[in-house]
Amino acid sequence: MDRDAQWRVIEQQRRAVADVLDDLAPHEWELPSLCAGWRIRDVAAHIALAPQPPGPVDMVRAGLRARGRFHRLNHDVSVRYADAGQDLVAEIRAHAASRKLPVVTNYRNILYDIMVHGQDIAIPTGRQIDLPIEAAATAATRVWTMGWPFWAKHRLTGFRLIATDADWVVGTGDEVRGRIADLLLLTTGRSVVLPRLSGDGVGKLWMRLSYRNLVRGCAGRVDGARHVMRRCAADSPL
């Protein structure tokens with residue numbers, strides 16, 4: 001897809017997200033999205049901010065608060081904006097056709113960003129946003145080849161991903177088949193699509209992703225226990 005075609009899909013997806021958000025009940029805005037630690041409201045704020053990014057001074061301040069950690073910065077900026085009482089639906093619609101970009105990204109990244117984040121909102125709320133097949137394949141190729149922040153090639157080493165509705169194949173190893181929209185979500189770390197995939201490699205993929213989630217969970221519990229122990233030691237009268 002050329003640049004203009006990708007921008008047209010970006011606009012269409014932004015409008016589709018706004019339609020879904022407009023249909024949500026108040027409590028649904030607070031539901032967890034597919035992004036760990038992000039509410040539906042936070043993802044909506046992230047989408048609204050993409051074509052109207054904070055200025056350099058605000059970003060420097062946010063970066064200092066996040067101690068230079070990009071994911072933390074991205075999360076915190078979105079959460080603060082989500083809680084500021086903005087009309088996020090109106091903002092997404094108003095800027096749907098905007099081609100303004102944050103300085104740290106480009107339109108290729110915005111394409112997969114809006115498509116994936118739209119699903120982050122739609123799937124947990126039981127809504128549907130269709131992804132154009134060619135655009136989803138373009139976005140999946142971008143994610144597969146870019147490395148950070150998804151490291152898809154590394155995480156999915158040993159698997160051959162084959163789209164059942166598009167001419168798209170990557171990787172080598174045990175076969176994992178699915179719609180290109182689901183493979184896009186898989187490459188960006190959304191394991192919610194696993195039940196919709198098929199092929200000899202699906203069982204092994206389940207095991208790998210389950211193990212990684214278990215390791216992360218155990219690491220979190222260990223860190224939490226250490227924190228509690230430090231607090232107890234600090235509070236001890238001895």
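## A walk along α1, α6 and α7

Start by selecting helix α1, where the 20 residues should span 28 Å at 1.5 Å a residue; the end C-alpha atoms of α1 are 29 Å apart, which agrees. Keep in mind as you go that this is a predicted model.

**Stop 1: the buried side of α1.** With α1 (residues 3-22) still selected, show its side chains. Which residues of α1 are buried? Colour Ala5, Gln6, Trp7, Val9, Ile10 and Gln13, then add Arg14, Ala16, Val17, Ala18, Val20 and Leu21. Now bring up the partners: the buried residues of α1 pack against α2 (40-49), α5 (88-94), α6 and α7.

**Stop 2: α1 beside α6.** Next, select helix α6, residues 107-122. The axes of α1 and α6 come within 9 Å and cross at roughly 25 degrees. Angles under 35 degrees count as roughly parallel, so α1 is roughly parallel to α6. Turn the view until one helix lies over the other, and you will be looking at a left-handed crossing.

To see who meets whom, show these side chains:

- From α1: Arg3, Gln6, Trp7, Val9, Ile10, Gln13, Arg14, Val17, Val20 and Leu21, which meet residues of α6.
- From α6: Tyr107, Arg108, Ile110, Leu111, Ile114, Met115, Gly118 and Ile121, which meet those of α1.

Colour this contact by class and you should find 12 nonpolar, three polar and three charged residues.

**Stop 3: α6 across α7.** Keep α6 on screen and add helix α7, residues 133-146. How far apart are the axes of α6 and α7, and at what angle do the helices pack? The axes are 9 Å apart, and the angle is about 115 degrees. The two helices are therefore roughly perpendicular to each other. Here too the crossing is left-handed, with α6 passing α7.

For this contact, show Arg108, Asn109, Leu111, Tyr112 and Met115 in α6. They meet Ala135, Ala136, Thr138, Ala139, Arg142, Val143 and Met146 in α7. By class, you have eight nonpolar, two polar and two charged residues in view.

**Stop 4: zoom in on asparagine 109.** Finally, centre the view on asparagine 109, which lies in α6. Is asparagine 109 buried or exposed? Its relative accessible area is 10%, and buried means under 20%, so asparagine 109 is buried. Leaving out residues up to four places away in sequence, asparagine 109 touches Arg142 and Met146. Both of these belong to the α7 side of the contact you have just toured.

Technical notes: Residues are numbered from 1 along each chain as its sequence is written. This is a predicted model: local features need pLDDT of at least 70, side-chain atom pairs count only at pLDDT 80 or more; totals for chains, interfaces and linings use all residues. Side-chain values use heavy atoms; hydrogens and water are left out. Axes are lines fitted to C-alpha atoms, for helices over the stretch in contact, and angles run from 0 to 180 degrees between N-to-C directions. Helices (H or I, at least four residues) and strands (E, at least two) are DSSP runs, numbered from the N terminus. Angles under 35 degrees count as roughly parallel, over 145 as roughly antiparallel, 65 to 115 as roughly perpendicular and the rest as oblique. A crossing is left-handed if the near helix is turned anticlockwise from the far one by less than a right angle, and right-handed if clockwise. Contact means heavy atoms within 4.5 Å. Ala, Val, Leu, Ile, Met, Phe, Trp, Tyr, Cys and Pro count as nonpolar, Asp, Glu, Lys and Arg as charged, and the others, Gly among them, as polar. Buried means under 20% relative accessible area, exposed over 50%, partly exposed in between (1.4 Å probe, protein chains only). The expected span of a helix is 1.5 Å times one less than its number of residues.
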